[in-house]
Structures are given as structure tokens and as C-alpha cells.
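User: I am new to this structure and would love a close look at one part of its surface. Could you walk me through it in a friendly way?

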Amino acid sequence: MRSYTLALILSVGVFLAGLSSGYIYVYAFKVNPKVLLGMVMETAPAQATVTRAEAVSQAVQTIVEAVAPQPTQPKKYKHILFWDTVKYVSTSLGILSTNIVTAFGAAVTPLLPVLWQRKITPWFMRLTGKRYDPDVSWRSYYRFAVPLPPVLILGFNGFVVSLVASIAGFIDFMAPEIAGITCLAAVGMKAALNWKTPESVESSYSSLWKVSFYSVLFLMVGAFMEARLIV
Amino acid sequence: MLKTNPFNMFWRSPIIVMMATPLIFLAVRLSLVPVAWPSKLPTECINPEGGFEGCGFIFDEAHYIPAIRRMMIGDRAVNLEHPPLSKAIIWFGIALLGDNPWGWRILNVLFSALTVFIAGLLAYRFTKSLRTSVIAQAFLTTDITFFNISGFAILDPPALFFITLTLYLYVSGRWLLSSIPLGLAMLSKSSSILVIPAILGIEMAYPVINGGRISDLIDKARKVIRVIVIPALVIFLFGLGVYNAWSGAFPTPLHHLDFILRYHSGLVFQDPRPVEMPLSWIMPPIARQPSPYYVVTAHPPGWHPVAFWGVSTPLWWSIWLLIPLAYIFIRDNRPIPNPSLEAVFMAWTVVTYGSFMALAYIYHRWVYSFYFLQVSTLMAVVLPALLEKNGLRLILKIILALQVLWFIMWFPVKPEWFLDFMLNLGLGEVPWI
């Protein structure tokens, strides 16, 4: 069983590879990072991410609005409800929700091939009446899907961070978010390192909840830091 | 029968050995006091309208020396946004040696030498090793930002001394006594107030780590508040009260405190790019340029005969190593004793550095890299102690060598041959500049 520490080192490496590729692309090929980021933001996963964050933020604001309407005379109601705080907290929650989905996605989706092999394939075989060998199918197909989510998500995340950092001129506001996503994605990376059998993939998740706790703390700090730049 | 020579015993006593580094520090730092010398008369350097060119001020001295001069001529209610003790100390120096850089800076250099001494005592208190204590002093002395700041006529050198003394007395178990320097630290610089939650954090960390009950936690907090916090606040408010009675600035010390808090709450930034954000403090100066406290440029050839920079150091970067080491020790050695070096370091760092992070990243308050001295002074003690404890002597030697090299590279006044050497190596005068 390969350890979480090794997986974490590898995850940091993959993230840094994505980050470096973005910087190289921007500086070596003289590409405008704003244009490149615009292209990235038009892709479906990026659109989904932004929409999710906005939806959560709007939902929180709508709920608060229903309970305590936005004051028309801010000075008068300042003592009752500081609406800027509501906007700030709701934006933070929006960012947090989207980062949590990304981080847990990288951590948990390596389990999908295991689930597929155990649940879907037998059902499919029963349907078609064909026989199959689970070990052979795992070795031939399914195990190759295990490393994809953490590697792709971390690499893509690093690439996007490099573009945002190039435009903004700083990276430190994103540091807790990066730490949170990388720590949680390292659980997925640990599964990827232990891809030999479905059982070894499953047993890689023994530390998931403990790591999740610390990662979510990082993500919360990151969300509150980033939201402060927006609101 | 073993004969003991009292003379040898005296010279080998830890206190005497630990005085060597502060004395060397004192000699070297004092030699740099006159490098920024005014060409104007003191009376021409009181009001900022004409600028302070030629006044010989370094960094924030431009705020404090004119304020002290105004106080000396009877305009007592000035620079109210900062507590008065550090300014009183600078004033005392001026009264002793005159209104010149010697008078402005000498007492702060002395306070900083004492800080180095107390840091050695603190390391000795934790490790009982003279070698570790001297290395700790060496780390602090060669911290170039500490070295530079230590000789400026600003608020930080006395505040750092009182903070370090508070910490030493606190870990020595002399809690009531520690409240005196804590009160004086708050009277020197308002950010010293972070020491209160830091000590509370340390004391409350033990029941949390050792699996104590909530009632233990509350008892600890109550004891710290009763024995340290309340006496320190009384000293602080009494000091503010004395200043206000003398200056007539505010009717009560609480009004003054309210003004200080309001003033500091207003120092927010919109664009974070020019701000020395806290994460840049614990990284080499790649993303952000070092801060030029006082830089004289010679044209040509364009090098700096005098250059006081504020820059992070290998000691500061070592936080990436110290936090995991301390965490692993705490995780694997429960119940931990009180005081424990690791618990003190973790709680102190989380509270002080964490507060600066929250202030900068969430509250968007202006912060400066030298604020990290409040953390790095303790780190100078913790770094050799933890590395020796974990048998990582080679790493300790490498970091110390790096620290010394870094110190030489950024030393404020460099001989011409050294500058030529650096330029010939293609490094520039110092890298990144």
C-alpha cells in the first residue's frame, strides 16, 4: 500500500506541472493570459463551476432577503443587517461550494471504475448473457481510469491558477484554496497509486474523512479570502 | 578531589557565554548608526511640508522623530495613533546624547541586544543546552530584517524586547512578573496586544492536546486572565493615562485606546499588489521585491553604498519545516509537558501570524514584512532546538550557513571589493534587485 505522503508529494508535483505549463504558455509564447483564460472559461466544466458558485451565492442572498429585506436606507438599518456582510458571506459560500465539488471530485471519482466494475458490468453481462473475468477486465480497462481524475483536475487547476495569477499579479490569495484542493485530491492520488486491485483502491480511502476535515478548513479560509477581493 | 576554579566557572557560566553574541551584535549594529546622518538642522526637520530630504531619517523614523521634536517644544498631543512608550525611550536617548542619530537610535540598539540575550535565555530554558542557545542567538542576530530594524528609531525594538521578555518569564513560570513587560510591550506598540491571545492559546492548547476536560480549559484561561492579562492591561491603561494627563490629548485612556483602534481599522488597501502580504514573508523574495527602508544609490555605477532592506530570511522560510516537525512531535508524544517548546511555537505562530494573515487577507489591512519579527524571534529559538532534538544537525548547519550567507549578502554597508566580487559573479549587488 503506497502512502498518503507519497500521494501528496505527487499531487503537489502534478499541480506544479500544471502551474508551470500555464506560466510557460503565457511567458514563452507571449500569449495574453486574459484571452487564454477567456477561452478556458468558455469550456463546459468552467461554465458549470461559475454557474454553481453564482447559484449558491444567489440562493443564500435570496433566503436572507426573504427573512430580512435589503435595507433601502442603509444608514438607518446598519445596526440591524449589514447587507455587505451578507453579500460577502454568500459569495464566500459560492466559492466554497465550487471548490468543495472540485476537491471531492478529484478525491472520490477514482472510485467510479471500482463501482462500475462491481455494479454495472455484472448487470450488463447478465443483460447480454456474456461471461467475463473481473480480474482481466480490471487489468485491461478499468484501472487505467483510476488516475485520471486527480491528475486532470490538479493539472487543470494549476493551469487556471497560473492564468489568474498572471492577470491579477499575485497568487497568495489562492494559496489556501490550492492547499485544500491538493490535500484532498491526494486521497484520489493515493487510490491511483494503489490501482492494482479494486480492493486496494477502496482501502486507499481510509483517511478520507480526516483529510477532508483539514482540507475543508483550508477551502473555507480560501473562500473567505477570495470573496474579500470580489465584494 | 576535584578542584573548581571560580574564575573558570565564571567564564563558563551560561549567562556569561550568552552575553557574547549580544555584545558582538551591539558593536556591529552601533557602527552602522551614523550611516544615515542629517545634513539639515533639527528645526528644519519637524514639519513634513518641505519633505524630509537631508534629515537623515530611515524608514518610519520620519514619523516618530518629528513627532518627538514637536513634543519637546511643547506640542505634546502628536502621533496619538501609536502608544507613547517607544517614543519616550527615543526621547530619553535624545536627552542623553543629543538630537542626532546617536541619540535617536542608541537605546533601540541596546534594547535589541537585550532581545538577543533574552532569546538565548529562552532557548536555554527549553533545551538546557548552551550550544543550542548560542545558535539561537546567532540566528536572531543574522536575521537581516531584525538586524536592520533593531537600530532604527521606531516602535519595534523596545516592543520586541518586552515581548521576548514576557515570553521568557511566562515559560519560566513567573506569570505575574511577565505581566509587567507585557503591559510595557503594549505601551510600546499596539500590535503587541496579540501576545495576550497567544499566551491564552498556548495555555489552552495543553488541555486540548492532552485530552483534558472543558473545565480544565476554562480554568487555564481564567488563571491567565487573572494573573497575566488583567495586570498587563492595568499597566497599559495606567501608562496611557499618564501620557494623556501630561499631554491633555484625551480625557481618559479608554478614549485614547478607542482612537488607536479606529485609526488602525482605517488602514485598509484596495489593491493587494503593492502590499507585503503575509505569505510572501515566509518565501524567498521572488514574487515580491524586498522593502527598501533606506537605500542610497551611487550614479554611476548604480550600486548602493548604503542599503537597509527588509527581506525574508532562511530563518523565516524554515517555518515550512518547523510546523510539520512540531505537529508530528505533538501528535506522537501525548500527553506533552507544560511548557513544551512545540506547543508554545505552534500556538504562538497560529495566533500571531494567523492574526496578521486574517488582517491582511480578509480585513485588507496594510501589513509589512517586519511584523513577522514577532514570530521569527521565537523561531530563532525553536529552529535549533527542534532540529537538534530530531537529530537533524546537518540540516541545521545548512540553514545556519544559508542564513549567514544571506546576512552577508544583504548587509547594509558592503565593502567595495565585495560589491565587485558579486558583480563579477553576475549576481548583481544582491539577487532580485
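Which residues make the nonpolar surface patch of about 560 Å²?

Analyst: Happy to help! A word on the ground rules: this is a predicted model, in which local features need pLDDT of at least 70 and side-chain atom pairs count only at pLDDT 80 or more, while totals for chains, interfaces and linings use all residues. Residues are numbered from 1 along each chain as its sequence is written, chains are lettered from A and ligands numbered from 1 in the order in which they are written, and side-chain values use heavy atoms, with hydrogens and water left out.

Now to your patch. Phe213(A), Tyr214(A), Leu217(A), Met220(A), Tyr327(B) and Ile328(B) make this nonpolar surface of about 560 Å². Two elements each give two or more residues: helix H11 (208-230) of chain A and helix H15 (319-332) of chain B. H11(A) gives the most, with four residues. Helices here are DSSP runs (H or I, at least four residues), strands are runs of E with at least two, and both are numbered from the N terminus. A patch is built from residues with over 30% relative accessible area and no salt bridge; nonpolar side chains (Val, Leu, Ile, Met, Phe, Trp, Tyr) are joined within 5 Å, and like charges within 9 Å. The areas come from the Shrake-Rupley method with a 1.4 Å probe, and for residues only the protein chains shown count as cover.

Take Met220(A), which is found in helix H11 of chain A. Its relative accessible area is 34%, so Met220(A) is partly exposed: the label lies between buried (under 20%) and exposed (over 50%), again with a 1.4 Å probe and protein chains only.

The patch draws on both chains, and here is how they meet. In chain B, 10 residues are in contact (heavy atoms within 4.5 Å) with 13 residues of chain A. The area buried between the two chains is about 1000 Å², with carbon and sulfur atoms giving 65% of that figure; buried area is the accessible area (1.4 Å probe) that two parts lose on being put together, summed over both. On the chain B side, Tyr361(B), Ile362(B) and His364(B) lose the most area to chain A, together 48% of what that side buries. Four residue pairs, both at pLDDT 80 or more, are in polar contact between the chains. Such a contact is a pair of N or O atoms within 3.5 Å; within protein, one must be able to donate a hydrogen and the other to accept it, and residues adjacent in sequence count only if both atoms are side-chain atoms. Zero salt bridges are found across this interface, a salt bridge being a side-chain nitrogen of Lys or Arg within 4 Å of a carboxyl oxygen of Asp or Glu.

Over all chains, however, the search finds 14 salt bridges. One of them joins Arg118(A) and Glu199(A), whose closest N and O atoms are 3.2 Å apart. Arg118(A) sits in helix H6 (residues 112-128) and Glu199(A) in helix H10 (residues 198-203), 81 residues apart. Both belong to a network of salt bridges with Glu202(A).

Finally, a step back to chain A, which has 11 helices and zero strands. Of its 231 residues, 41% count as buried. Chain A exposes about 12800 Å², and carbon and sulfur atoms supply 70% of that area.
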